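Dear colleague,

Here is the structure I promised to pass on to you, and below it I have set out what I found when going through it. Please read the notes with the model open beside you.

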Amino acid sequence: MQKFLSAGIFYFSSSTKQNNYDLTHSLQRRQEKGDRSRSDFRFYWNRTLFYPFERFDVPVDNWLVKIICGSVLVRTIYVGHRTAKVALISRLSCDYVGTRFNVRGINDAGNVANFVETEQLVTFEEKECSFVQLKPLEFSMFAMERHYTYMKQFYGKVLSVNLLGSKRGERSLSTALNLSKLHSDVRLVSFDYHSEVKQSKESVRRLISEIDLIGMRALITQLKILGVEQFKTNIVVRFEEVARDLWQKNGDNCSIIYAGTGALEGKSKLKDASRSLVRTIQNNLMDASKQESIDLLLLGHLFGDNKFDKLSNVLPSSLLKECSNIEGLVEREKEMCTVKSLRVFVGTWNVNGGKNIYNVAFKENHSLDLWLYPLTLLDADALNFDLIAVGFEEIVDLNASNLMKASTTNQRIWRDGLRRTIDRFQHAHFSAVDDKFVVLACEQLVGVCLVLFIRASLLGSVRDLAIGDVKTGMGGATGNKGSVAVRMTFDSTSICFVCSHFAAGQNEVTARNADFQTTMKKIRFPMGRTISSHDVVFWMGDFNYRISLPGEEVKNAIRLNNFAYLSEHDQLSQQKEAGNVFAEFNEGPMHFAPTYKYDTFSDDYDTSDKCRSPAWTDRVLWMDSNNFVQLIYYGRSELKTSDHRPVFAIFQLNTLKFELQRAEPLLKDAIISLGPPNSTIVCAVSGHPTSFPQRLCNAIFSKIYELGITILVSKLEGRFLHVQLGSGMDALMALSFAGCWPDSLVADFEQCLSVVRADVAQTSTEEDSLGWAALNLNVAEDSDEEGDELLGNGQTTVLDDFSLIDFSDVTPK
């Protein structure tokens with residue numbers, strides 16, 4: 001965090017009452033009509049620092065400055081005896097930001113990764129002229145609608161430049177973009193810069209060159225508007241030289257933020273190679289911690305908070321950031337949501353390098369059907385899945401070549417085979433009723449591969465899709481063993497799928513336990529999420545846990561179908577019961593024979609010289625803290641192309657979907673019951689309309705202590721005494737004795753769902769009685785000494801502003 005903050009990428013503007021320059025706004029937004037006192041939250045990086053002050057009504061502008069992240073470059077140019085300035089200000093958005101391999105593309109909210117607004121500002125004498133460019137849009141049909149809506153909201157008319165080239169992959173995407181019918185009022189211009197200029201092949205340098213080109217054209221127009229040319233001939237050339245240098249440096253500054261080095265230029269191969277090497281090192285060794293620093297800076301204490309993450313699946317994050325003390329809503333999330341049921345298939349298979357991939361799996365007998373759709377066990381309706389997760393182990397041979405760079409050929413073949421199997425079953429049994437399946441995610445780490453299919457009609461319910469992996473082979477150095485994980489939020493329920501291949505060997509229990517712990521610790525998703533922070537986790541794979549019995553004894557028990565006896569000696573079951581691994585996970589009863597190790601194309605267990613003992617190495621487990629999951633079936637399939645048998649589990653998963661009508665009364669009740677966010681109560685004394693009598697403060701503090709409540713801060717403001725307590729619940733406890741409910745709580749909720757303070761200013765019939773009936777105080781005019789005595793030796797100073805109160809020596813009576 002310290003390194004990130006001291007990287008020289010943050011800027012602020014010193015402002016006065018006469019000159020309030022907010023760097024988060026461009027000149028266009030500053031000139032718009034209306035209140036511009038609020039900063040643009042897209043570029044307002046230290047906003048979480050302001051929240052507590054704003055909650056307590058502290059005028060933050062007197063204490064803090066607002067910072068942006070990006071680049072600010074200013075140059076002065078003399079036009080005769082007149083002065084002109086050229087500034088280039090790049091503002092990096094904090095909506096979806098991070099290092100280049102951790103944050104990519106466009107998210108479900110329509111925010112582009114590392115979105116940059118660059119303003120080219122020219123001032124001459126008393127006139128200013130501004131031109132704004134935006135980072136090119138990352139294409140995603142699902143999120144483009146929202147992104148263009150935001151662009152038109154903030155910038156008005158939008159012109160999009162399509163920079164995709166004519167290569168095969170880019171051409172297909174470019175065609176889809178040109179054919180899209182989203183926002184007909186947005187003009188789309190195709191410009192293949194690489195083909196036209198035939199300059200650098202490096203995408204970052206391409207981007208800089210294109211922005212440079214557009215910026216130069218805009219600069220000429222700006223100079224004409226300001227009338228600069230009439231004062232000195234050929235001055236435009238000087239402006240162009242300065243602006244081109246600024247654009248070059250600006251590109252390097254922005255590139256350093258998320259790539260770690262300046263932009264690759266394409267001019268010097270040695271320089272570009274050096275920067276590429278530095279990028280590789282930083283991306284592999286430093287980017288994870290840098291990403292956590294970025295998230296921590298933007299989220300503050302909410303980073304990595306499981307309660308916040310759970311609630312953010314249900315409620316808008318803006319509400320949670322403003323009202324950060326509504327953790328109690330976690331217990332009531334089910335009351336705010338409706339339930340949607342999904343049928344889920346989870347399967348795992350060690351395919352032994354895929355050596356026999358063409359022998360059975362893709363012949364006309366369609367053997368994969370026996371695994372995904374066991375019609376001999378369940379009817380077609382029970383197999384009408386909504387979500388299918390398939391994990392493969394040893395999808396490629398674990399040789400040196402694949403450890404360095406694994407082939408994806410087998411991945412593609414197995415994925416396409418699964419797709420054909422799914423489509424064939426759907427067409428045969430539900431042809432005109434149900435929609436097709438699409439690949440939601442497909443990720444491979446050497447031999448471990450995880451493929452997710454989902455109904456196309458359910459894609460709109462999926463958001464925050466993310467992928468993680470970790471190598472555990474040879475102490476984490478190689479990927480011959482490891483795990484792949486995919487997480488998503490379906491409506492308001494977070495789901496994580498994990499596929500693992502742990503250490504082999506009959507006696508390597510400790511190594512397998514270490515692989516599990518490493519996977520739990522090192523797999524991280526955006527926003528500080530971990531595997532265990534999800535509502536539901538499905539974990540499949542070849543865990544390699546064996547049965548601690550001699551091989552012949554195991555085989556005899558198998559012949560007798562005495563699986564209960566074998567389960568007692570199953571290493572995974574023993575380690576799970578001891579709390580060493582999968583402590584919070586569930587597994588169905590194993591009423592099927594061990595799945596390892598077979599002779600290929602045979603029903604015989606290992607007959608080789610090693611004669612390995614049979615074991616349940618292949619497993620499917622799940623974690624569910626909210627009783628969302630019901631196991632329908634757990635078993636194995638009889639495909640014989642590998643030395644393992646495939647295993648599968650079928651689940652009924654109940655997911656939650658937020659419903660505003662159900663949630664609104666619960667939100668009101670929950671927020672009110674948690675008290676004011678600033679934990680402050682306000683006292684007033686009848687008969688004192690202009691100022692609060694300071695002599696009564698000690699008596700009030702003493703009574704508060706009698707209730708067992710801690711006082712943090714006090715403030716005198718006119719006729720009111722503000723007392724901040726330890727929590728909002730403490731404030732409600734004190735107020736509850738008044739026999740009345742503060743109306744301001746409900747009123748403030750109706751206005752903005754943000755309670756600022758709880759005001760109690762009741763009047764009493766007695767001349768000098770406190771308006772705060774909760775303390776039942778009747779303090780006479782001469783009660784100063786009594787109040788001092790109540791606080792013993794405690795030192796209290798009540799000023800006309802916030803002041804800390806030292807109660808360290810107080811012994812309440």
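Arg-238 forms a salt bridge with Glu-241, and in this model, which is a predicted one, the closest N and O atoms of the pair are 3.8 Å apart. Both residues belong to helix α8 (residues 235-259), where they are 3 residues apart, about one turn of the helix. Arg-238 is partly exposed, with a relative accessible area of 43%, and Glu-241 is likewise partly exposed, at 46%.

A second pair joins Arg-619 and Glu-587, whose side chains meet in a salt bridge at 2.7 Å, N to O. Because Arg-619 lies in strand β16 (residues 618-624) and Glu-587 in the loop between α19 (571-577) and β16, this pair ties together parts that are 32 residues apart in sequence. Arg-619 is buried, with a relative accessible area of 0%, whereas Glu-587 counts as partly exposed at 22%.

A third pair is made by Arg-29 and Glu-117, with 2.9 Å between the closest N and O atoms. Arg-29 sits in helix α2 (residues 27-31) and Glu-117 in strand β4 (residues 116-124), so the salt bridge ties together parts that are 88 residues apart in sequence. Here Arg-29 is buried, with a relative accessible area of 4%, and Glu-117 also counts as buried, at 0%. The two residues belong to a network of salt bridges that links Arg-29, Asp-40, Arg-42, Arg-91, Glu-117 and Glu-119. Over the whole structure, the search finds 24 salt bridges.

Strand β4, which carries Glu-117, deserves a look of its own. Of its 9 residues, 8 are buried, so the strand is largely enclosed by the rest of the structure. Strand β3 (residues 82-92) pairs with β4 in the antiparallel sense over 9 bridges, and in that pairing Lys-85 stands opposite Thr-123 of β4. Strand β5 (residues 127-134) also runs antiparallel to β4, to which it is joined by 8 bridges, with Phe-131 in β5 as the bridge partner of Gln-120. The hairpin of β4 and β5 has 2 residues between the strands, and within this hairpin Glu-125 takes a positive phi near 55°.

Elsewhere in the chain there is an open sheet of 6 strands, with mixed pairing and the order β10-β11-β9-β8-β18-β17. The edges are taken by β10 (437-445) and β17 (629-636), each of which has a single partner strand, so one side of each is left without a neighbour in the sheet. From one strand to the next the twist averages 20°. Within this sheet, strand β9 (residues 387-393) and strand β11 (residues 448-455) pair in the antiparallel sense over 6 bridges, and Gly-391 has Leu-450 in β11 as its bridge partner. Helix α15 (residues 409-430) packs on the sheet, where it touches β8 (337-350), β9, β10 and β11, and the direction of the helix makes about 155° with that of β10.

Turning to the nonpolar interior, which residues touch the most other members of the largest nonpolar core? Among the 56 residues of that core, they are Phe-497, Phe-538, Leu-566, Phe-651 and Leu-653. Strand β18 (residues 647-658) gives the most to this core, with 5 residues, and the core draws at least three residues from each of domain 2 (339-544 + 617-660) and domain 3 (548-589). If residues up to four places away in sequence are not counted, Phe-497 touches, among others, Val-344, Leu-387, Leu-450, Val-486, Phe-538 and Met-540. Apart from this core lies another, of 29 residues, which includes Phe-345, Val-351, Val-396 and Ile-422.

Lastly, I would draw your attention to Ser-492, found in the loop between β13 (478-490) and β14 (493-501). Is Ser-492 buried or exposed? Its relative accessibility is 4%, and because buried means under 20%, Ser-492 counts as buried. Leaving aside its neighbours within four places in sequence, Ser-492 is in contact with Asn-313, Val-314, Asp-535, Leu-656, Lys-657 and Phe-658.

With kind regards

Key:
Residues are numbered from 1 along each chain as its sequence is written. This is a predicted model: local features need pLDDT of at least 70, side-chain atom pairs count only at pLDDT 80 or more; totals for chains, interfaces and linings use all residues. Side-chain values use heavy atoms; hydrogens and water are left out. Helices (H or I, at least four residues) and strands (E, at least two) are DSSP runs, numbered from the N terminus. Buried means under 20% relative accessible area, exposed over 50%, partly exposed in between (1.4 Å probe, protein chains only). Contact means heavy atoms within 4.5 Å. A nonpolar core is a set of buried Ala, Val, Leu, Ile, Met, Phe, Trp, Tyr and Cys residues joined through side-chain atoms within 4.5 Å. Domain bounds come from an automatic or database domain assignment. A salt bridge is a side-chain nitrogen of Lys or Arg within 4 Å of a carboxyl oxygen of Asp or Glu. Two strands pair if DSSP finds at least two bridges between them. Axes are lines fitted to C-alpha atoms, for helices over the stretch in contact, and angles run from 0 to 180 degrees between N-to-C directions.
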